[in-house]
Amino acid sequence: MTERGRVVIRTARARDAAGLATVYTHAFGPTTPAEVRRWRRNPDVPRETLIAVVDGVVASTVDIQYRQLLVDGVRILTGGIAGVATHWDHRGRGLATRLMAEAHRRIRAQGASNATLFTGHALPAIRIYRRLGYLETRDWVQFHEFARPVDWVQKRFEYRSKWLRRTPFGRALLEGWRHRVWMVTPAWGVAITYDGRRFRVVAGRRGRPDLVVRGGTREILSSFGDRSSYDRYRRSRKIRVSGDPAVAEVWRRLLTLEWRE
Amino acid sequence: MRIRLARPADHRAIEAVYRARAAASAGPMVRTRAYWTARWRRTGGRSQRKHLGLVAVEHGRVVGYGGAVLEDIGVWIEPPLWLPEMDGTDVGPRLVAEALQRSRRWRAAMTGTWVISGAPTLPYLRAVFPPPRPPSTLFMAAVLDERALLRDASRVVATRVRESVRLRVGRHQTATRRGSPKVTVSCSGRVLLGLLLGLRDLERERRAGRARISPQGSAALVLARRAFPPRKFWIQDAW
């Protein structure tokens with residue numbers, strides 16, 4: 001964590017693209033400054049990107065998208081909140097909350113009565129949203145059918161190989177972590193290893209595992225990127241984990257992409 | 001009715017289906033010209049290899065659309081939309097079935113779809129997909145300005161009932177029309193926003209004491225129900 005510096009909250013400019021790309025990479029996945037510039041160049045709705053700058057570094061950001069909801073054809077302006085992200089070194093300082101407060105002030109100034117967003121149950125930011133009054137909610141229902149689960153697991157770990165080493169938390173988590181994990185279901189199984197550069201996923205139970213994760217296809221695959229599902233399935237023993245608890249804890253974070261409680 | 005691949009000549013008809021659906025639903029977004037231009041650019045030309053567009057046609061007229069998109073991790077079935085006059089027909093299930101069948105050519109590792117709970121396609125999706133994963137993603141809304149919310153609600157209610165309805169949130173109140181209001185609906189801003197977006201049901205809120213209707217009596221109750229009818233939540237095409 002860096003020393004606490006002066007926080008400046010302002011609208012993002014074109015030259016902030018590199019800083020925004022770093023913050024988005026820390027929060028969402030690999031993002032380049034060119035991608036940020038492209039998104040900002042072609043907005044399909046009016047938007048404002050707010051940033052919190054600490055000691056000249058983009059530390060946190062919130063995107064306001066001024067959208068119009070239709071209720072029986074009547075237009076209702078809503079402040080769509082998106083892209084809430086904070087630099088790894090500046091988390092836990094209330095920057096996102098301050099940005100959200102500023103976003104609400106600007107949305108009200110535009111004459112909107114409400115703000116709306118989409119988020120995940122397992123994301124830490126949901127606590128901020130609830131505290132700020134986002135209390136009218138509706139769940140999405142997600143259906144998946146896995147024709148080739150092993151291929152899908154490979155793709156998910158390709159993504160982790162690409163992303164995690166570009167982030168401070170990923171590098172810290174994977175430093176010295178060289179283990180083999182089996183994921184085993186009644187229908188299929190994979191062995192996953194990390195060689196310090198990338199994950200390798202091979203079908204079948206290869207080598208001697210340090211950790212064995214057993215469960216049904218649905219339970220195991222639903223846990224990717226979703227801490228609450230993973231923890232729930234573990235509590236109900238629909239997912240069973242055997243092996244070193246320290247390896248299991250890192251594995252949980254790799255699987256669910258949950259970084260900080 | 002038949003389902004076929006969408007052609008560039010169908011674009012205007014597809015836009016018209018969206019507009020008609022949005023005009024009779026709670027929650028979809030206004031689609032700007034920039035949105036449609038970007039969408040047709042995204043789904044046309046070379047990218048057709050990764051996008052499947054379908055239309056439902058009846059008597060030569062496009063009455064619904066759906067499709068699928070191939071992404072890195074698999075195929076996503078796009079929730080279908082259809083004209084309000086086609087409610088109660090099998091247009092939605094047929095668009096989904098066709099998208100599922102045609103997207104098999106991609107031989108994707110995963111096929112999935114997302115819909116908001118309460119969406120009309122949910123029963124059919126439950127029938128064709130394995131059980132859904134536990135809820136992980138959600139829509140959230142907050143009231144930022146109660147007076148502005150009353151203005152928004154007043155405009156919507158005025159299109160639903162001819163009589164004047166008084167809406168009251170805390171210290172603030174408004175009437176939907178001139179003249180003496182026939183009924184007053186009082187609730188918190190949060191409940192009013194939920195009613196407006198179709199997230200809450202007036203009858204349930206009234207029974208739970210979170211919404212009050214005065215004067216008491218069946219005439220006022222009927223009017224209040226017309227002002228806030230049970231809605232099918234339909235924000236699936238929102239972002």
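Let's start at one spot where two chains meet: T137(A) stands opposite M140(B), a residue in strand 7 of chain B. Keep in mind while looking at this pair that the model is a predicted one. The two residues are a good way in, since strand 6 of chain A and strand 7 (residues 137–143) of chain B pair with each other. Their pairing is antiparallel and runs over 4 bridges.

Now widen the view to everything that touches across the two chains. On one side there are 54 residues of chain A, and they are in contact with 59 residues of chain B. Which elements of chain A give two or more residues to this side? Four of them are strands: strand 3 (57–71), strand 4 (74–86), strand 5 (114–120) and strand 6 (136–146). The others are helices, namely helix 3 (95–109), helix 5 (149–164), helix 7 (217–222) and helix 8 (227–235). Strand 6 of chain A, where we began, gives the largest share, with 11 residues. Sorted by class, the side of chain A that touches chain B has 22 nonpolar, 17 polar and 15 charged residues.

Let's stay with chain A and take in the whole chain. It has 9 helices and 11 strands, and its C-alpha trace spans about 60 × 50 × 30 Å along the principal axes. Of its 261 residues, 38% count as buried. If you take the contacts in chain A between residues at least 6 apart in sequence, 62% of them join residues at least 24 apart.

Go to the early part of chain A next, and you'll find a pair of helices. The axes of helix 1 (residues 17–27) and helix 2 (residues 33–41) of chain A come within 8 Å and cross at roughly 105°. Helix 1 of chain A and helix 2 of chain A are therefore roughly perpendicular to each other. Where do they meet? Helix 1 of chain A brings A17(A), A18(A), L20(A) and A21(A), while helix 2 of chain A brings P33(A), V36(A) and R37(A). The residues of this contact divide into 6 nonpolar, no polar and 1 charged.

Further along chain A there's a sheet to trace. It is an open sheet of 5 strands in the order 9-8-7-10-11, with mixed pairing. Its edge strands are strand 9 (199–203) and strand 11 (239–243) of chain A, each of which pairs on one side only. From one strand to the next, the twist averages 15°. For a look inside the sheet, pick strand 7 (residues 180–184) and strand 10 (residues 211–215) of chain A, which run parallel and are joined by 4 bridges. M183(A) has V213(A), in strand 10 of chain A, as its bridge partner. Helix 5 of chain A lies across strand 7, strand 8 (189–194) and strand 9 of chain A, and runs at about 175° to strand 9 of chain A. You've met this helix already: helix 5 of chain A is also among the elements on the side that touches chain B.

Time to cross over to chain B, which has an open sheet too. This one has 4 strands in the order 9-8-10-11, again with mixed pairing. Strand 9 (172–175) and strand 11 (211–214) of chain B are the edge strands, each pairing on one side only. Ignoring direction, neighbouring strands of the sheet are turned by 15° against each other on average. Strand 10 (residues 183–187) and strand 11 of chain B run antiparallel, with 4 bridges joining them. Here V185(B) has I213(B), in strand 11 of chain B, as its bridge partner.

Two helices lie across this sheet's strands. Helix 5 of chain B lies across strand 8 (165–169) and strand 9 of chain B, at about 155° to strand 8. Helix 6 of chain B lies across strand 8, strand 10 and strand 11 of chain B, at about 130° to strand 8.

And how do the two helices sit against each other? The axes of helix 5 (residues 146–160) and helix 6 (residues 189–196) of chain B come within 10 Å and cross at roughly 30°. That makes helix 5 of chain B roughly parallel to helix 6 of chain B. The crossing of the two is left-handed. On the helix 5 side the contact is made by E146(B), L149(B), D152(B), A153(B) and V156(B), and on the helix 6 side by G189(B), L192(B), L193(B) and L196(B). By class, the residues of this contact come to 6 nonpolar, 1 polar and 2 charged.

Methods
Residues numbered from 1 in each chain as written. Chains lettered and ligands numbered in written order. Predicted model: local features only at pLDDT ≥ 70, side-chain atom pairs only at ≥ 80, totals over all residues. Contact = placed C-beta atoms within 7 Å. Nonpolar A, V, L, I, M, F, W, Y, C, P; charged D, E, K, R; others polar. Pairing = 2+ DSSP bridges. Buried ≥ 20, exposed ≤ 12 C-beta atoms within 10 Å, placed from the backbone. Axes fitted to C-alpha atoms, helices over the stretch in contact; angles between N-to-C directions. Parallel < 35°, antiparallel > 145°, perpendicular 65-115°, else oblique. Left-handed = near helix turned anticlockwise from the far one by under 90°.
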